[in-house]
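Me: I am new to this structure and would like a close look at a single part of it. Please take one pair of neighbouring helices and describe what surrounds them.

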Amino acid sequence: MPQISATLTLADRVGACKARWGINRMNFLVPPGLYAIGEPDAQAPVVVTANYKMSFDLVRQALSGRDVWLLVLETYGINVWCAAGKGTFGTGELVRRIEKSGLAEVVAHRRLILPILGAAGVAAHRVKQRSGFEIAYATVRASDLPGYLDNGCVTTKAMRELRFNWYDRLVLIPVELVLVAKPVVPAAALLYLAAWLLFGAAAAAAAACAFLGAVFTGVAVGPAFLPLLPTRSFAIKGAFAGLLYCALLYALAGGEKWGGAATLAAFLALPAVSSFYTLNFTGCTTYTSKSGVKKEMRLGLPVMAGALFAALLFVVAGRLLA
Amino acid sequence: MKGFRYLEGVATLELERSLCVGCGRCTEVCPHQVFRIEQKKAVLADGDACMECGACALNCPVAALKVDAGVGCASGMINEWLREKKFPGFGGAGGCG
C-alpha cells in the first residue's frame, strides 16, 4: 500500500502552476488505486477522488495530520467535476477500483466519502448494490473535508454551497488564454494580411491589435468581472465588455481619425468577438445549464456572425467608395 | 449560487412527486439547493437554479427525477458540432480534454 505525504513539495506546486498555464496539463496525473495518508487502520475513513494530480494534491493536503484512506479513481487526469460529467468518475470505475484495490479487506466498515460534484457520475444506490459500500456525498471543496470529519461526517449548509469568487475565476483565465491562442494567432495573422492588402501596414497592425484586444476582453476581462456585467446571459455580458473595450480604444487610440466605416466596423466586430469568447467561459463555471447555453448559442451566434459580416461590408464599402 | 443566477425558465428538470420516497438523496447531491423535503417528499424549491448536471436523477433510487443532463459549455458544444460535421482539424482535445 503506497503511503503518501500530506505536505506538498515545491515540485507539486510548480506542476500545479504549469497546469494552470496549460503546460503538461493533460498529463498531470497520479496512478489510480488506494493510498494511505498517515497511518489509517480498518476503521479509518475512505475518501474518494480523481487521479488529476491537482485534485489528488488538494485532497491529501487538506487531510494533513489525519489517518485516512484515499481511493483514487482512474479519470485519465481529469478533475472530479469534468470526469463525473464524462462518466469516468462514475459508478463502473468506482466499483472496479473498490474490487481491484481490495478495499473490502483493508477496512472493516462499508462507507465511502465522495465529493458532492462527483455525484453527477456516480449512482450511490447502484454502488451499494454492486459493492456493498454506502456512499456519503460530503463536501464540494476538498478544504472542507477536515471540518466534515470533525463534524461527525455531517455536511453543513456551507460545505454544500458552490462559490465562484474573484480568485476562483481568475485562476481559470491563464489556461483559457493559452487554449484560445491556437486558433486566434492564425486568425490575427490572416486579418493583418487582409488589412495590409487593403489599407497598408499601419491600419493592418491596428486591426490585428484591436482584434487581439477584443479576444483578451472576452477571455479574461468578461470572466473576471462576470458578476458586475449586466444581464445573466454570458453572450450579452461579453458584448457589453467588448463595447466598453471598443469605446476605450476609440477614446485612447485616436478614434476620431478612424473614419466612419472603420468606426462602425470596430463597434460591430469587436463586441461580437468578445461576446463569443465570454460565452465560451460558460464551460468553466458550475452554474450554467446545457439548455441555457444552447439557448444563448441559438440566439447569440447568428447575431455575432451578422455583426462580423456587417463590419466586413462596411470596411469593404468604405474602401470602394473612398 | 451566491451572487450568480443563470437564465430563467430553461432547465429541463422534472420531479414526479408521486414516485418520491423522501430519501433526501437529491438534497444531498444538488450543489445548487434546488430541492427541499416537504411532508416527507422532495419539492423543487428553486428549479431555475438547476444546471442540469444530472446528479439528482442518477442518484434517485426510484427514478422520480428526469433531466436532460449535460455540460453547459459553449466550446464543448461547438467542438461536438464541428466533429459531427467532420470539419478537418477538429477531432482533437477541447478545453476539458
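Reply:

**Helices H13 and H14 of chain A**

In this predicted model, the domain assignment of chain A gives domain 1 (3-162) and domain 2 (167-321). The centres of domain 1 and domain 2 of chain A, taken over C-alpha atoms, are separated by 39 Å. Contact between these domains of chain A involves 6 residues of domain 1 and 7 residues of domain 2. On the domain 1 side, the touching residues are 3 nonpolar, 1 polar and 2 charged.

The pair to look at is helix H13 (residues 260-280) and helix H14 (residues 290-321) of chain A, whose axes come within 8 Å and cross at roughly 155°. Angles over 145 degrees count as roughly antiparallel, and H13(A) and H14(A) are therefore roughly antiparallel to each other. The crossing in which H13(A) passes H14(A) is left-handed.

From H13(A), the residues that make this contact include A:Gly260, A:Leu264, A:Leu268, A:Ala272, A:Phe276 and A:Leu279. From H14(A), they include A:Glu296, A:Gly300, A:Met304, A:Ala311, A:Phe314 and A:Gly318. Sorted by class, the contact of H13(A) with H14(A) has 17 nonpolar, 4 polar and 1 charged residues. An α-helix has 3.6 residues a turn, so residues three or four places apart point the same way.

One position gives a link from H13 to another helix. A:Ser274 has its C-alpha 9.7 Å from that of A:Leu212, although the two residues are 62 apart in sequence. A:Leu212 is part of helix H11 (residues 201-224) of chain A. A:Leu212 has 17 C-beta neighbours inside 10 Å and therefore counts as partly exposed.

H13 and H14 also take part in the contact with chain B. That contact takes 36 residues from chain A and 37 residues from chain B. On the chain A side, the elements that give two or more residues are helix H3 (80-86), helix H6 (124-131), H13 and H14. H14(A) supplies the largest share of that side, 6 residues. By class, the side of chain A that touches chain B has 19 nonpolar, 11 polar and 6 charged residues.

Across from them, chain B has 3 helices and 4 strands, which follow the pattern β-α-β-β-α-β-α along the sequence. Chain B has 97 residues, and 39% of them count as buried. Among the contacts in chain B with a separation of 6 or more, 42% join residues 24 or more positions apart.

The chain B element to set beside the pair is helix H3 (residues 74-84) of chain B, in which B:Ala74, B:Ser75, B:Gly76 and B:Met77 are buried. H13 and H14 of chain A are included in what covers the buried residues of H3(B). Just after H3(B), B:Lys86 takes a positive phi of about 55°.

Two loops of chain B also hold a residue with positive phi. B:Lys40, not a glycine, has a positive phi of about 65° and lies in the loop between strand S2 (35-38) and strand S3 (41-44) of chain B. B:Ala63, also a residue other than glycine, has a positive phi near 55° and sits in the loop between helix H2 (55-59) and strand S4 (65-66) of chain B. B:Lys40 counts as exposed because it has 10 C-beta neighbours inside 10 Å. B:Ala63 counts as exposed with 10 C-beta neighbours inside 10 Å.

How values were computed
Residues numbered from 1 in each chain as written. Chains lettered and ligands numbered in written order. Predicted model: local features only at pLDDT ≥ 70, side-chain atom pairs only at ≥ 80, totals over all residues. Axes fitted to C-alpha atoms, helices over the stretch in contact; angles between N-to-C directions. Parallel < 35°, antiparallel > 145°, perpendicular 65-115°, else oblique. Left-handed = near helix turned anticlockwise from the far one by under 90°. Contact = placed C-beta atoms within 7 Å. Nonpolar A, V, L, I, M, F, W, Y, C, P; charged D, E, K, R; others polar. Buried ≥ 20, exposed ≤ 12 C-beta atoms within 10 Å, placed from the backbone. Domains from an automatic or database assignment.
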